[in-house]
Amino acid sequence: MWSEFFRYVSRDEMAEQARAIQSESLAGRTERYPDVDVVRVVVEDRPARRLLREADKAQLVVVGSRGRGGFAGMTLGSVSRAVVHRSEVPVIVARPRD
């Protein structure tokens, strides 16, 4: 997912970069967890809004949180907070290992 905030590359380039990051992030996961269905979506939209739209078709939503606030690790980012509070399905907020 991306938005037009950073417009130094074309939309097609942003989409291609997003697909590459997505593929890199999921590499090996489908083989390791073959029973987990993953739907890959790359669109231009506001992240929380699109995640909530996709959540209508999901059994579980997993979002990341980088903990970049003043109290790293204690607060949720704006996207994960919006999804947690508005989702009709369970949400897991995954944080990177220290």
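Begin by selecting helix 3, whose buried residues pack against strand 1 and helix 4; keep in mind throughout that this is a predicted model. Within the helix, colour Ala48, Arg50, Leu52, Glu54 and Ala55, which are its buried residues.

Next, add helix 4, residues 78-86, and look along the place where the two helices meet: their axes come within 9 Å and cross at roughly 35°, and the crossing is right-handed. To see which side chains to display here, show Pro47, Ala48, Leu51 and Leu52 on the side of helix 3, and Val79, Ala82, Val83 and Arg86 on the side of helix 4. Sorted by class, this contact comprises seven nonpolar residues and one charged residue, with no polar ones.

Now centre the view on Leu52, which, once its neighbours within four places in sequence are set aside, is in contact with Ala82, Val83, Arg86 and Ser87. Leu52 also belongs to the largest nonpolar core, a set of six residues completed by Ala55, Val61, Val63, Val83 and Val89. Selecting helix 3 (47-55) together with strand 1 (61-64) is useful at this stage, since each of these elements supplies at least two residues of that core.

Finally, stay in helix 3 and pick Arg53. Is this residue buried, exposed or partly exposed? Arg53 counts as partly exposed because its relative accessibility is 41%, a value that lies between the limits of 20% and 50%. From Arg53, draw a C-alpha to C-alpha distance to Ser87, and the two will be found 9.1 Å apart in space although they are 34 residues apart in sequence. Ser87 has already appeared on this tour, as one of the contacts of Leu52.

Conventions: Residues numbered from 1 in each chain as written. Predicted model: local features only at pLDDT ≥ 70, side-chain atom pairs only at ≥ 80, totals over all residues. Heavy atoms only, no water. Core = buried A, V, L, I, M, F, W, Y, C linked by side-chain atoms within 4.5 Å. Buried < 20%, exposed > 50% of the residue type's maximum accessible area, 1.4 Å probe, protein only. Helix = DSSP H or I, 4+ residues; strand = E, 2+ residues; numbered from the N terminus. Contact = heavy atoms within 4.5 Å. Axes fitted to C-alpha atoms, helices over the stretch in contact; angles between N-to-C directions. Left-handed = near helix turned anticlockwise from the far one by under 90°. Nonpolar A, V, L, I, M, F, W, Y, C, P; charged D, E, K, R; others polar.
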